[in-house]
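Trainee: I would like to go through this model and ask, for each label, what justifies it.
Mentor: Go ahead.

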Amino acid sequence: MINSSTAGFHAASWSDAVADLTRRGEAFVLATLLGSAGSTPRAAGTKMVVSATDIYATVGGGHLELKIIEAARAALLTGQSEQALVHFPLGASLGQCCGGSVSVLLETLVPDGLMVDLYGAGHVAQALVPLLAQLPVRVRWIDSRAALFPAPMPANVQVLVDEDPVEQVRHAPANSVSLVMTHNHALDYRLCSAILKQGTGLMLGVIGSATKAERFRLRLAHQGFSAEQMARLQCPIGLAQVSGKLPMEVAVSVAGQLIELYQSRHSPSPMRQGVQWRQLKDTLIQSPVIVSADAEETSPR
């Protein structure tokens with residue numbers, strides 16, 4: 001199967017795919033044919049987008065495209081945003097009869113910041129979203145009541161209207177934060193149970209009192225959840241040192257907690273030497289090092 005989300009090929013262009021994947025906070029590789037020699041299947045500048053599960057557009061098909069997809073997926077596994085220039089000789093090794101060679105730029109783009117699932121569009125959520133709009137986070141804002149969502153919506157916020165918000169738990173990105181603040185305690189509990197059962201999130205924060213938290217923990221324990229699982233549940237939500245019950249006071253407290261969380265996870269990237277123009281030019285024109293289809297280094301042409 002070519003793509004996990006659709007049958008056959010995606011109709012979206014590579015630029016549409018970049019916009020959509022960026023909005024969803026999903027990592028991807030943009031593969032660009034930079035230079036070519038001899039007869040090649042597509043012209044320089046042709047682009048293709050590769051995510052962990054899907055590909056968009058084409059750089060010519062065949063074994064060459066397969067090897068580019070494999071190299072892109074290997075780059076995604078590093079979890080780092082980076083660039084790599086790879087040279088593919090066309091011919092028998094790639095099962096191509098056109099000959100020539102292709103230089104491909106692989107640009108791996110991994111979204112920065114936290115992924116946040118915000119359940120509920122009440123007063124606190126309404127106060128919180130404008131704060132999150134100014135932070136390096138991506139938000140899925142989920143509620144069954146479409147009329148409550150304001151317009152316009154910040155660029156980093158995706159609105160999801162679902163009659164049963166619990167259904168959205170299975171679509172939550174890995175290592176995301178779940179904030180539960182709906183209008184219904186029964187729904188809050190169902191969300192907590194589903195989120196803890198899935199077990200892939202960084203944190204589960206629930207709006208409410210210490211009494212509500214204790215009742216939820218007793219029910220979860222009776223349902224068979226372990227102490228380790230329930231330790232991920234934080235209720236009341238927010239920083240303990242930021243008190244207050246006004247919607248904006250709670251929102252500021254929650255935003256502060258998210259800032260504390262993503263700053264604690266951030267580690268400075270090591271300084272890396274970029275590729276100098278002369279070196280890049282020599283690579284494109286002379287192809288001094290060739291990476292074959294089997295990822296083995298061969299002699300210069």
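Trainee: Which residues is Val-139 in contact with, leaving aside its neighbours within four places in sequence?
Mentor: Val-139 is in contact with Val-116, Leu-118, Leu-132, Asn-156, Val-157 and Gln-158. Keep in mind that this is a predicted model. Val-139 itself lies in strand 7, residues 137-143. One of those partners, Asn-156, is 17 residues from Val-139 in sequence, with 6.2 Å between the C-alpha atoms.

Trainee: Why is Val-139 called buried?
Mentor: The relative accessible area of Val-139 is 3%. Buried means under 20%, so Val-139 is buried.

Trainee: What makes strand 7 and strand 8 a pair?
Mentor: Two strands pair if there are at least two bridges between them. Strand 7 and strand 8 have five bridges, in the parallel sense, and therefore count as paired. In one of the pairings between residues, Asp-143 has Val-161 of strand 8 as its bridge partner.

Trainee: What is the strand order of the open sheet?
Mentor: The sheet has six strands in the order 8-7-6-9-10-11, with parallel pairing.

Trainee: Why are strand 8 and strand 11 called edge strands?
Mentor: Strand 8 (157-161) and strand 11 each pair on one side only.

Trainee: What makes Asp-143 and Arg-145 a salt bridge?
Mentor: The closest N and O atoms of Asp-143 and Arg-145 are 2.9 Å apart. The cut-off is 4 Å, so the pair qualifies. The two residues fall into separate accessibility classes: Asp-143 is buried at 4%, while Arg-145, at 28%, is partly exposed.

Trainee: How do you know that Arg-170 and Glu-167 also form one?
Mentor: Their closest N and O atoms are 3.5 Å apart, and that is within 4 Å. Arg-170 has 58% relative accessibility and counts as exposed, because the bound for that class is over 50%. Glu-167, at 37%, is partly exposed.

Trainee: What makes the bridge between Asp-188 and Lys-212 a link between distant parts of the chain?
Mentor: The closest N and O atoms of this pair are 2.7 Å apart. Asp-188 is in helix 4 (residues 185-198) and Lys-212 in helix 5 (residues 210-222), with their positions 24 residues apart in sequence. Both residues are buried. In total the structure holds six salt bridges.

Trainee: Which residues have the most contacts inside the largest nonpolar core?
Mentor: They are Leu-118, Leu-128, Trp-141 and Leu-179, in a core of 28 residues. At least two core residues come from each of strand 6 (114-119), helix 3 (123-132), strand 7, strand 9 (177-180) and helix 7. Helix 7 gives the most, with seven residues. Another core, of 21 residues, lies apart from this one and includes Leu-191, Leu-204, Met-230 and Leu-233. In soluble globular proteins, nonpolar side chains tend to be buried together.

Trainee: Which residues does Leu-179 touch, leaving aside neighbours within four places in sequence?
Mentor: Leu-179 is in contact with residues including Val-116, Leu-118, Leu-128, Met-203, Ile-237, Val-254 and Leu-258.

Trainee: Why is Thr-108 called buried?
Mentor: Its relative accessible area is 2%, and the bound is under 20%, so Thr-108 is buried. Thr-108 is in strand 5, residues 101-109. Outside its sequence neighbours within four places, the contacts of Thr-108 include Phe-28, Ala-75 and Glu-82.

Trainee: What makes Val-242 eligible for a surface patch?
Mentor: A patch residue needs over 30% relative accessible area. Val-242 has 31% and counts as partly exposed, so Val-242 passes that cut-off. Val-242, Met-248 and Val-252 make a nonpolar patch of about 220 Å². Val-242 is in the loop between strand 11 (233-234) and helix 7 (247-265).

Trainee: How many helices and strands does the protein chain have, and what share of its residues is buried?
Mentor: There are eight helices and 13 strands, and 41% of the 301 residues count as buried. The chain exposes about 16,000 Å², with 56% of that supplied by carbon and sulfur atoms. Among contacts between residues at least 6 apart in sequence, 60% join residues at least 24 apart.

How values were computed: Residues numbered from 1 in each chain as written. Predicted model: local features only at pLDDT ≥ 70, side-chain atom pairs only at ≥ 80, totals over all residues. Heavy atoms only, no water. Patch = residues over 30% accessible without salt bridge, like charges linked within 9 Å, V, L, I, M, F, W, Y side chains within 5 Å. Areas by Shrake-Rupley, 256 points an atom, 1.4 Å probe, with all protein chains shown as cover. Salt bridge = Lys/Arg side-chain N within 4 Å of Asp/Glu carboxyl O. Helix = DSSP H or I, 4+ residues; strand = E, 2+ residues; numbered from the N terminus. Buried < 20%, exposed > 50% of the residue type's maximum accessible area, 1.4 Å probe, protein only. Contact = heavy atoms within 4.5 Å. Core = buried A, V, L, I, M, F, W, Y, C linked by side-chain atoms within 4.5 Å.
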